[in-house]
Amino acid sequence: MQIKSLLKITLVFTLCVILMGAYTRLSDAGLGCPDWPGCYGMLKVPTEIHELNQVQQAFPEHTVETEKAWLEMIHRYIAGTLGLLVLLILVLSLKTDDAPKKLPMFIAALIIFQAALGMWTVTMKLMPIIVMAHLLGGFALFSLLLLLYLRSKPLRIPGGDPAARKLAGFAAICIGVLLLQIVLGGWTSSNYAALACTTLPLCEGNWVDNLSFAKAFSPFQGDHASFEYGVLDYPARMTIHVAHRVGAIITAAMLLYLAFKLITTAKSTTIRNAAWLLMALVFVQVGLGIGNVVLHLPLGIAVSHNAGAALLLLTLVFINYALWRKA
């Protein structure tokens with residue numbers, strides 16, 4: 001199999017892992033299996049009577065919630081398959097003379113670290129800083145796999161498109177701003193702050209006087225038996241939520257401006273199409289964010305919001321690659 005074909009498959013698997021991780025987290029199934037990498041010491045969810053008897057002896061403080069446990073294990077199965085695909089990419093890259101070597105090695109190291117973060121997510125009982133790091137690791141893996149794919153497939157921009165290249169610096173700033181917004185989104189989700197504000201455009205009540213930035217953004221939140229459902233008080237969660245909304249406004253404005261400038265100045269059809277896609281994704285993402293608030297975080301819309309963030313990041317990675325690469 002060619003590396004390019006394998007990379008396409010791996011990109012699809014990475015998106016599946018991101019979506020399944022979001023679905024698992026939003027379904028409150030992150031601790032569906034209290035151990036790692038198996039589930040109650042087994043390679044599958046225990047369902048037989050003799051298996052449940054073993055669980056009762058080994059984990060007397062836990063009750064098997066079959067649906068949540070299967071969500072967690074399916075996520076692990078897909079993630080494990082992704083790990084094997086990344087390993088195969090590394091092997092093929094090392095065997096192919098003209099293939100990149102350093103980037104596949106870094107991606108392989110990243111997915112090993114991702115596995116460790118997955119383990120710590122369980123063993124540290126959904127500590128928000130670990131959950132957020134695990135989420136960001138998935139987004140980073142997705143972006144680096146796309147970058148590796150782009151490097152394996154020549155991208156030709158007729159004439160180099162100097163007018164569009166003038167926006168390269170701003171495009172780089174935009175990807176940085178988007179990454180910060182994704183961090184805020186991950187922090188909002190891992191602290192169960194998505195429903196801290198239920199009105200638009202910002203928050204209900206006298207929210208300005210209740211802002212608590214120090215507590216809201218402290219990476220360490222003390223010792224707790226579990227961080228499931230969050231441990232922060234309402235002012236801290238509300239502060240996180242408001243920060244995410246303000247960040248969304250800033251991010252959307254900057255990305256729409258970048259898309260508009262590329263559409264009106266770029267000569268390359270490839271860059272213009274990417275800009276149109278960026279603009280469409282921004283509008284969809286804003287709509288999904290509003291839907292989460294108005295409809296009180298329905299599972300389908302919340303998972304789609306995660307997918308939208310991942311696709312926005314990939315689109316910006318492509319645009320930056322096209323604008324910064326040598327003509």
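Is H241 buried or exposed, and what is its relative accessible area? H241 is buried, with a relative accessible area of 5%. The model described here is predicted. The points below cover the surroundings of H241, the packing of helix 7 against helix 9, the annotated transmembrane spans, the cysteines and W276.

**H241 and its surroundings**
- H241 is a residue of helix 9, which runs over residues 234–265.
- Because the relative accessible area of H241 is 5%, this residue falls under the 20% cut-off for buried.
- Apart from neighbours within four places in sequence, the contacts of H241 are A193, A194, L195, A196, C197 and V293.
- One of these contacts, C197, is a disulfide-bonded cysteine.

**Packing of helix 7 and helix 9**
- Two packed helices are described by the angle between their axes and the distance between the axes.
- For helix 7 (residues 168–190) and helix 9 (residues 234–265), the angle is about 155° and the axes are 9 Å apart.
- An angle over 145 degrees counts as roughly antiparallel, and helix 7 and helix 9 are therefore roughly antiparallel to each other.
- The crossing of helix 7 past helix 9 is left-handed.
- On the helix 7 side, the contact is made by F170, A171, I173, C174, V177, L178, Q181, L184, G185, W187 and T188.
- Helix 9 contributes I240, A243, H244, G247, A248, T251, M254, L255, Y257 and L258 to this contact.
- C174, listed among the helix 7 residues in the contact, is buried because its relative accessible area is 0%.

**Annotated transmembrane spans**
- An unreviewed UniProt entry carries the annotation "transmembrane region" for residues 74–94, 106–123, 129–151, 163–184, 242–263, 275–295 and 307–324.
- In the model, residues 129–151 are 100% helix and 0% strand, and the C-alpha atoms at the two ends of this span are 32 Å apart.
- Residues 275–295 are 95% helix and 0% strand, with 30 Å between the end C-alpha atoms.

**Disulfides**
- How many disulfides does the structure hold? The structure holds 2 disulfides.
- C33 is joined to C39, with an S to S distance of 2.1 Å.
- The C33 and C39 link is left-handed, with -85° about the S-S bond, and both C33 and C39 are buried.
- C197 is joined to C203, with the sulfur atoms 2.0 Å apart.
- The C197 and C203 link is left-handed, with -90° about the S-S bond.
- C197 counts as buried because its relative accessibility is 0%.
- C203 also counts as buried, because its relative accessibility is 11%.
- Counting bonded cysteines along the chain, the disulfide pattern is 1-2, 3-4.

**C16, outside the disulfides**
- C16 is in no disulfide, and the nearest cysteine sulfur, that of C33, is 20 Å away.
- Because its relative accessible area is 35%, C16 is partly exposed.

**W276**
- W276 is located in helix 10, which covers residues 269–294.
- W276 is partly exposed because its relative accessible area is 49%, and the cut-off for exposed is over 50%.
- Between W276 and A216 there are 36 Å in space, C-alpha to C-alpha, and the two are 60 residues apart in sequence.

Definitions and conventions
Residues numbered from 1 in each chain as written. Predicted model: local features only at pLDDT ≥ 70, side-chain atom pairs only at ≥ 80, totals over all residues. Heavy atoms only, no water. UniProt positions renumbered as here; feature names shortened; annotations may be inferred. Helix = DSSP H or I, 4+ residues; strand = E, 2+ residues; numbered from the N terminus. Disulfide = S-S within 2.5 Å. Buried < 20%, exposed > 50% of the residue type's maximum accessible area, 1.4 Å probe, protein only. Axes fitted to C-alpha atoms, helices over the stretch in contact; angles between N-to-C directions. Parallel < 35°, antiparallel > 145°, perpendicular 65-115°, else oblique. Left-handed = near helix turned anticlockwise from the far one by under 90°. Contact = heavy atoms within 4.5 Å.
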